[in-house]
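Trainee: Could we go through this one together? I'd like to learn how the labels are decided.

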Amino acid sequence: MIRNSREVHIVTHIDADGITAGAIASETLRRLGKEYSIECVKQLDEICMKKLLSDGHELVWFTDLGSGISTQYPEVKKIITDHHECPPDSDLSFHFNPHLFGKDGSYELSGAGATYLVSKSVSQKNKDLAALAIVGAIGDLQDRRFCELRGINMQVVEDGKESGVLQTMKDIRYFGKETRPLAKLLQYASDPLIPGVSGREDACVSFLQELQIELKAGDAWRTWVDLEKEEKRRILSAIIQMLLSKGFGYKTATRVLGATYILCKEEEGTELHEAKEFATLLNSTARYGQYEVGLQVCLGDRGKWLKEALNLLSGHRQNLVEGLQCARDEQIQKRTYLQYFHAGNGIRDTIIGIVTNMMLNTEDVDKELPLIGFALTENGEVKVSARAAQSLVDRGLDLAVALTRAAKEIHGIGGGHNIAAGATIPKGKEEEFLQLLEREIQRQFVP
Ligand code: C5P
Ligand code: C5P
Ligand code: ZN
């Protein structure tokens with residue numbers, strides 16, 4: 001279908017996985033000499049689909065979304081490369097999704113990964129796009145379950161290595177190894193938390209000083225990648241020892257270490273060299289309506305667009321800090337089968353998912369209940385984000401199914417993955433939604 005079309009319109013999602021998926025699709029079409037255009041959306045709702053219908057494109061390529069509409073809108077000629085849960089009656093002839101092959105799209109393949117595999121089948125020359133697909137997978141936290149990528153993702157990793165764009169190694173898993181001053185790396189460490197150290201800047205500084213780690217080299221703050229091997233070893237063993245001595249199990253303590261994915265064509269010490277940092281840079285763009293910025297960076301711009309992305313990154317960081325504070329101030333309300341907070345206008349609807357995730361990772365939040373975050377959208381609706389611990393998924397929880405059903409009952413729209421899902425519902429329906437959701441969750445747990 002791609003080869004036979006003259007013009008293709010790409011519709012993708014606003015997160016890092018969505019932007020990398022969109023970039024892979026764009027580059028694939030460009031290399032084929034096709035005419036193409038792209039747009040980024042928060043979700044595929046009726047307004048969005050109506051617009052597509054009236055635009056009258058020859059072919060629409062949905063990336064990192066679309067699984068929910070594969071059997072709808074037959075008027076739109078489409079292909080879908082997605083990894084969200086989907087109805088079992090999906091038409092395989094134009095929909096590529098790990099769930100249709102019995103694979104779990106929450107960790108075995110991302111939207112960018114699914115798009116990449118299609119791109120590779122268009123031309124083996126597209127294997128260099130594997131690095132972007134890995135940034136997408138990491139942006140979607142697909143390495144979280146096993147502290148490394150698994151499943152079909154490993155095919156993508158191998159392609160990336162083979163084409164010389166990707167390297168992997170075992171290293172500390174915290175965010176910001178290339179660009180954050182060391183003390184900041186530990187201050188924001190959350191999976192696992194370092195007891196008595198994470199969250200407190202002065203404690204991080206003393207922790208490093210006690211280990212005789214120099215925080216600065218000349219005027220510059222040292223980062224993790226600046227450290228000698230021996231220094232890294234000293235810090236890692238101190239963290240692991242600390243976790244064990246405070247009663248955390250071996251399994252938690254060893255989560256400090258995991259696979260790191262390096263984009264080896266990028267410069268070390270920049271926001272583009274390591275997949276986690278690259279993904280965060282992309283999240284700073286499209287989530288604030290600036291998808292063109294992230295897209296151009298993925299497509300190779302290292303000039304004005306990268307500069308703009310870095311500007312947006314500092315705003316994004318600030319918003320996350322403020323968002324977390326807002327969630328704390330609102331306080332989490334516990335019910336039998338879930339816990340929730342309502343941020344009102346305090347957190348943008350496009351980052352409520354990230355904040356809900358971060359909240360669930362904080363020390364004092366109960367991991368035995370899913371966490372639901374509410375935020376108001378610009379057009380007066382309510383955005384819902386839901387996140388849960390893997391242990392609940394292992395016991396039968398599927399947030400995608402629960403949110404899809406609960407939202408549908410009150411004329412909202414929802415979807416996602418077993419471990420993380422979202423929805424948009426009418427304002428004022430929050431209580432009704434929570435009750436419906438509790439009923440769904442109760443049903444899912446094996447008694
Ligand atoms: O839109 P999309 O599917 O691509 O996003 C996946 C979402 O699932 C992300 O927000 C990510 O943070 C979340 N996730 C998670 N834990 C996992 C896997 C995914 O919170 N283990
Ligand atoms: O928006 P949030 O990060 O909470 O979304 C979590 C997951 O649910 C993502 O994979 C997102 O694509 C999906 N989602 C969806 N339909 C919605 C809202 C979110 O499939 N209406
Ligand atoms: Zn995705």
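**Labels and their cut-offs**

Mentor: Sure, start here: the axes of helix α3 (residues 111–122) and helix α4 (residues 130–139) come within 7 Å and cross at roughly 160°. This is a predicted model, where local features need pLDDT of at least 70 and side-chain atom pairs count only at pLDDT 80 or more, while totals for chains, interfaces and linings use all residues. Residues are numbered from 1 along each chain, ligands are numbered from 1 in the order written, and side-chain values use heavy atoms, without hydrogens and water.

Trainee: Why is α3 called roughly antiparallel to α4?

Mentor: Angles over 145 degrees count as roughly antiparallel, and the axes cross at roughly 160°, so α3 gets that label relative to α4.

Trainee: Which residues make the contact?

Mentor: With contact meaning heavy atoms within 4.5 Å, Ala 112, Gly 113 and Tyr 116 of α3 meet Ala 130, Leu 132, Ala 133 and Gly 136 of α4. Five of the residues are nonpolar, two polar and none charged; Gly counts as polar here.

Trainee: What makes Asp 17, Asp 64, His 83 and Asp 140 donors of the zinc ion (ligand 3)?

Mentor: Donors are N, O and S atoms within 2.8 Å of the metal (3.2 Å for Na, K and Ca). These lie 2.1 to 2.2 Å from the zinc ion, so they qualify.

Trainee: And what puts Arg 150 over the face of Phe 146?

Mentor: CZ of Arg or NZ of Lys must be within 6 Å of the ring centre and within 35 degrees of the ring normal. Arg 150 lies over the face of Phe 146 at 4.1 Å from the ring centre, and Lys 216 over that of Trp 221 at 4.7 Å.

Definitions and conventions: Axes fitted to C-alpha atoms, helices over the stretch in contact; angles between N-to-C directions. Helix = DSSP H or I, 4+ residues; strand = E, 2+ residues; numbered from the N terminus. Parallel < 35°, antiparallel > 145°, perpendicular 65-115°, else oblique.
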